[in-house]
Amino acid sequence: ATGLTALELRGFRRGLPVRLCGLLGAPELNGAEGVCERWDASSKRWRVRLVAGGGKLLRAENLEELYSWRVHTGYISHGDVLACERMTIEQAIVKCASLHGCRGFSFEGGLTDEPVEVVFKSKWDLVPEGRGWLSYEKVSREDAPSSVEEAAFRAEFDSRRLLDEEEERARREAEQARCRAREARRQERQLVEEEAAARRRVRALEATREEARRARPDFGQPTAEFDVGDVCEVIVGAIVRRDEDLESPQLRKLPNRSVVEVVAVGVGPTGKRLLVRDRYKREGWVSVVSSSGEPLLKVVKRQPLAEEASLEAKPTDVSLEIESGDAPFYMD
């Protein structure tokens, strides 16, 4: 059929089921069905084998396809496969029209003259969400759309539109992912910078505290490790006296692990006396080390320096609470 015009062929192909129409010389054959067998180039007619028997040479304008086609975006659902072949869309139309029990076919991609992988089905159960697919539904001529070309164009347009929307959605999602990654990197850099700045501030404050400690009159004495406002825990039971003098009257004894607050640092020659306050708001003087040099108190929460007021300190689970089993006893 090489070199023949579209008007001569009228879209018919070998094996295509057709119906005879418009015959004036043999009107009794109008409506008869047959199958295109071959194109006769000398007479420019189609050789049609009639279902009722015999054959005729007929012009293309006296033939019409027995079936027509609705073109849809999507694919026919899984199952009921009659055949799967690689061919052009025109060849698929001929095969579907002549394939017994075939309701339609699907292929991936848009309208093209190139061969595609075609799946023929014995059912019509369209999945319209199948983006990127086109499906041809075999229908009778009476149910066919007014323009197959228009239906094909509309299906192609819808398919392209869905593909464009999918690409745009993927582009937006990729851009959002890049934005999230940039924001995560920015936050990570900010966190690293903040931690580095916090470490520098801590080092500076430690240096300031050490400088202040060296300037104290009790530097080198046991009390130099304590500041007013510090919260301390009793390591070994400490005796509480009324005055800084070690010979002043005893008031009570602090049990182990009890907690006190430093109210004042002693100025006596021993260099180991502190005025403390317990949970009951009772004050008294205690030693920070024993006569043998053993520590009696340890700092569990330091009073921040003025320079530390702007820093966010982590909450410390320390309070002036004494467990019931460690309640102090009183000395006469």
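Two strands are said to pair if DSSP finds at least two bridges between them. I begin with that definition because the first part of this presentation concerns paired strands, and the rule of at least two bridges decides which strands count as paired. Please keep in mind that the structure before you is a predicted model.

Let us start with strand E16, which covers residues 259-265. Strand E13, residues 231-234, runs antiparallel to E16, and 3 bridges join the two. Within this pairing, glutamate 233 has valine 259 of E16 as its bridge partner. E16 is also joined to strand E17, residues 273-277, by 4 bridges, and these two strands are again antiparallel. Here alanine 264 stands opposite leucine 275 of E17.

From E17 we move on to strand E18, which spans residues 283-287. The antiparallel pairing of E17 with E18 rests on 5 bridges. One of the partnerships is between arginine 277 and glutamate 283, the latter in E18. Together, E17 and E18 make a hairpin, with 5 residues lying between the strands. In the turn, lysine 281 has a positive phi of about 65°. How many of the residues of E18 are buried? The count is 4 of 5, and the strand is therefore described as mostly covered, since buried means under 20% relative accessible area. As a general remark, the side chains of a regular strand alternate between the two faces of the sheet.

I turn now to empty space inside the model. A search of the whole structure finds 1 cavity of 30 Å³ or more. The space in this largest cavity amounts to about 30 Å³. Which residues line the largest cavity? They are Val240, Arg252, Leu254, Val276, Asp278, Arg282, Glu283 and Gly284. Glutamate 283, which we met as the bridge partner of arginine 277, thus appears again in this lining. Strand E15, residues 250-254, contributes at least two of the lining residues, and E18 likewise contributes at least two. Sorted by class, the lining has 4 charged, 3 nonpolar and 1 polar residues.

The next topic is the aromatic rings. In general, a pair of aromatic rings is described by the distance of the centres and the angle of the planes. Across the whole structure, the search finds 6 aromatic pairs. One of them joins phenylalanine 105 and phenylalanine 107, whose ring centres are 6.4 Å apart and whose planes differ by 25°, a stacked arrangement. Are these two residues buried or exposed? Phenylalanine 105 has a relative accessible area of 0% and is therefore buried. Phenylalanine 107, also at 0%, counts as buried too.

Phenylalanine 107 has a further ring partner, tyrosine 136: the centres lie 6.2 Å apart and the planes meet at 35°, so this pair is tilted. Because phenylalanine 107 belongs to strand E9, residues 104-108, and tyrosine 136 to strand E12, residues 133-140, the pair ties together parts that are 29 residues apart in sequence. Tyrosine 136 is buried, as is phenylalanine 107. Ring pairs link Phe105, Phe107, Phe120 and Tyr136 into a cluster. Over the face of phenylalanine 120, a member of this cluster, lies lysine 95, at 6.0 Å from the ring centre.

Finally, consider glutamate 33, a residue of strand E2, which covers residues 33-40. Its relative accessibility is 36%, so glutamate 33 counts as partly exposed. Cysteine 21 is 12 residues away from glutamate 33 along the chain, and the C-alpha atoms of the two are separated by 9.7 Å.

Technical notes: Residues numbered from 1 in each chain as written. Predicted model: local features only at pLDDT ≥ 70, side-chain atom pairs only at ≥ 80, totals over all residues. Heavy atoms only, no water. Buried < 20%, exposed > 50% of the residue type's maximum accessible area, 1.4 Å probe, protein only. 1 Å grid on protein atoms, 1.4 Å probe; cavity = no way out; pocket = protein on both sides within 12 Å on 5 of 7 lines; lining within 4 Å. Points joined across faces, edges and corners; volume = space filled by probe spheres on them. Nonpolar A, V, L, I, M, F, W, Y, C, P; charged D, E, K, R; others polar. Phe/Tyr/Trp six-rings, centres within 6.5 Å; stacked < 30°, edge-to-face > 60°. Lys NZ or Arg CZ within 6 Å of the ring centre and 35° of its normal.
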